[in-house]
Amino acid sequence: MRNALNNQVWSFKHPDFLAASATHGSANVALYDQAMWDKYQLTKLAGEAFKTNTLILPKKAAQADAANYQDPAGMFSPENNTIPVLMARGVVFLSCHNAIWEQAGTLIRRDLNPDKLSHDALAAELTNHLIPGVVLTPGAVGTLPELQQAGFHYAK
């Protein structure tokens, strides 16, 4: 996302470029706040490389000079590749309700449901703990054709 955004804005001179992430499947766990990661041990779904949701944590590079957009450790570099930073630059993150539903079921099956919530209640709690600014969709894959009809282009 960061790379596409940087290329479109600076290389191809499209400052109004809009990127949307149709986040789904296991990647959807990146869109939950840390409270859900702690409560439901989401590292067990995300993999051991993610002890916490590092994709929502601020990084030092966020304080770098924005005018120096070619700084290899600066604001627009891989050193500052987080969801909130991308959102602040205009990227829209879409969360897949189907993925949330499936993740709730997985948590129940793996006995990672400390409050013993029903499937509906657990899915609702996860939904209520999407990071601020995330747009909930009925399903990411079903939303893609709608975006394409509105003029978006799909890039994998």
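Two strands are taken to pair if DSSP finds at least two bridges between them. In the predicted model described here, strands β1 (20-23) and β2 (residues 92-96) meet this criterion, pairing in the parallel sense over 4 bridges. Within this pairing, Ala 20 stands opposite Val 92 in β2. On β2 there is also a pairing with β3 (135-137); these two strands run parallel and are joined by 3 bridges. Here Cys 96 stands opposite Thr 137 in β3. Strand β2 therefore has pairings with both β1 and β3. Of the 5 residues of β2, 4 are buried, so the strand is largely enclosed by the rest of the structure.

The protein as a whole contains 7 helices and 3 strands, which follow one another from the N terminus in the order α-β-α-α-α-β-α-α-β-α. Its C-alpha atoms fill a box of roughly 50 × 40 × 20 Å along the principal axes. Of its 156 residues, 38% count as buried. The accessible surface comes to about 9,000 Å², and carbon and sulfur atoms contribute 57% of this area. Among contacts with a separation of 6 or more, 63% are between residues 24 or more positions apart.

Asn 28 is found in the loop between β1 and α2. Its relative accessibility is 0%, so Asn 28 counts as buried, the limit being under 20%. The side chain of Asn 28 reaches the backbone nitrogen of Cys 96 at 3.3 Å; Cys 96 is also the β2 residue that stands opposite Thr 137. When neighbours within four places in sequence are left aside, the residues in contact with Asn 28 are Thr 23, Ser 95, Cys 96, Ala 99, Ile 100 and Gln 103.

Helix α6 comprises residues 119-128, of which Leu 122, Ala 123, Glu 125, Leu 126 and Thr 127 are buried. These buried residues pack against two helices, α2 (34-40) and α5 (97-109), and against strand β3.

A search of the whole structure finds 2 aromatic pairs. In one, the ring centres of Trp 10 and Tyr 69 are 4.7 Å apart and the planes lie at 10°, so the pair is stacked. Trp 10 belongs to helix α1 (residues 2-11) and Tyr 69 to the loop between α3 (43-46) and α4 (83-88), so this pair ties together parts that are 59 residues apart in sequence. The other pair, between Trp 10 and Phe 76, is edge-to-face, with 4.7 Å centre to centre and 70° between the planes. Phe 76 likewise lies in the loop between α3 and α4, so its pairing with Trp 10 in α1 ties together parts that are 66 residues apart in sequence.

Through these ring pairs, Trp 10, Tyr 69 and Phe 76 are linked into a cluster. Accessibility was computed for each member. Trp 10, at 23% relative accessibility, counts as partly exposed. Tyr 69 also counts as partly exposed, at 35%. Phe 76, at 13%, counts as buried.

Technical notes. Residues are numbered from 1 along each chain as its sequence is written. This is a predicted model: local features need pLDDT of at least 70, side-chain atom pairs count only at pLDDT 80 or more; totals for chains, interfaces and linings use all residues. Side-chain values use heavy atoms; hydrogens and water are left out. Buried means under 20% relative accessible area, exposed over 50%, partly exposed in between (1.4 Å probe, protein chains only). Contact means heavy atoms within 4.5 Å. Rings of Phe, Tyr and Trp (its six-membered ring) pair if their centres lie within 6.5 Å; planes under 30 degrees apart count as stacked, over 60 as edge-to-face and the rest as tilted. A polar contact is a pair of N or O atoms within 3.5 Å; within protein, one must be able to donate a hydrogen and the other to accept it, and residues adjacent in sequence count only if both atoms are side-chain atoms. Accessible areas come from the Shrake-Rupley method with a 1.4 Å probe; for residues, only the protein chains shown count as cover.
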